[in-house]
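Work through the exercises below with the model open. Each task is followed by a solution in steps.

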Amino acid sequence: MTSARHRLRRAAVAGLAHTWLRPGGCLALCWSTSPWAGSQDWQRALADVLRTWQNALGAAGRVPPGWDESRQRDPDHDVLSRAGFEPTGRHEFSVEHHWTIRELAGHIRSTSFLPPPVLADHAAAFDAHLTAELSRCTADDRLTETVDFAYELARKPARA
């Protein structure tokens, strides 16, 4: 399961995953920080470009407001435990990552924010706008950030 959990019924997915796994099998819930959520100049510029295009294309509400509230009220490890998993721990690490503007454009297309069906005929204009704004923040087309990753691991109990 990934950061798309905001679109899924977590208890139902956890229950199905439990039936799919063999005894002793593991399930990992994985997530990371987003490049547009940082405080660097290029990250703020990226966030502005995303907001501009989401508003222009009527896609501002693609991620539901308060999507994380259910996870706060009912943490993932509790959902997994009720589905029959044994939580084995949460692990976090950070990695320095270097983006090119083209890679960022591809990453954005893989998200709920501005996927290809939303960009549609506007993809070339979006890419041009993104390139123009982010080029102001770099001389060599390399944009560096520290990405924080985390995963919560749970195991289906082995047969007794």
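**Exercise 1: one residue**

H77 is found in helix α4, residues 76–82; helices (H or I, at least four residues) and strands (E, at least two) are DSSP runs numbered from the N terminus. This is a predicted model, where local features need pLDDT of at least 70, side-chain atom pairs count only at pLDDT 80 or more, and totals for chains, interfaces and linings use all residues. Residues are numbered from 1 along each chain as its sequence is written, and side-chain values use heavy atoms, leaving out hydrogens and water.

Task: Describe the surroundings of H77.

Step 1. The relative accessible area of H77 is 35%. Buried means under 20%, exposed over 50%, and partly exposed in between (1.4 Å probe, protein chains only), so H77 is partly exposed.

Step 2. Neighbours within four places in sequence aside, H77 is in contact (heavy atoms within 4.5 Å) with P87 and E152.

**Exercise 2: one helix**

Task: Which residues of helix α1 (residues 10–20) are buried, and where do they lie?

Step 1. The buried residues are R10, V13, A14, A17 and H18.

Step 2. They cover an arc of only 140° around the axis (taken from the directions from the helix axis to the C-beta atoms), so they are on the same side of α1.

Step 3. A11 and T19, on the other side of α1, are exposed.

Step 4. The buried residues of α1 pack against β1 (26–32), α3 (69–73) and α4.
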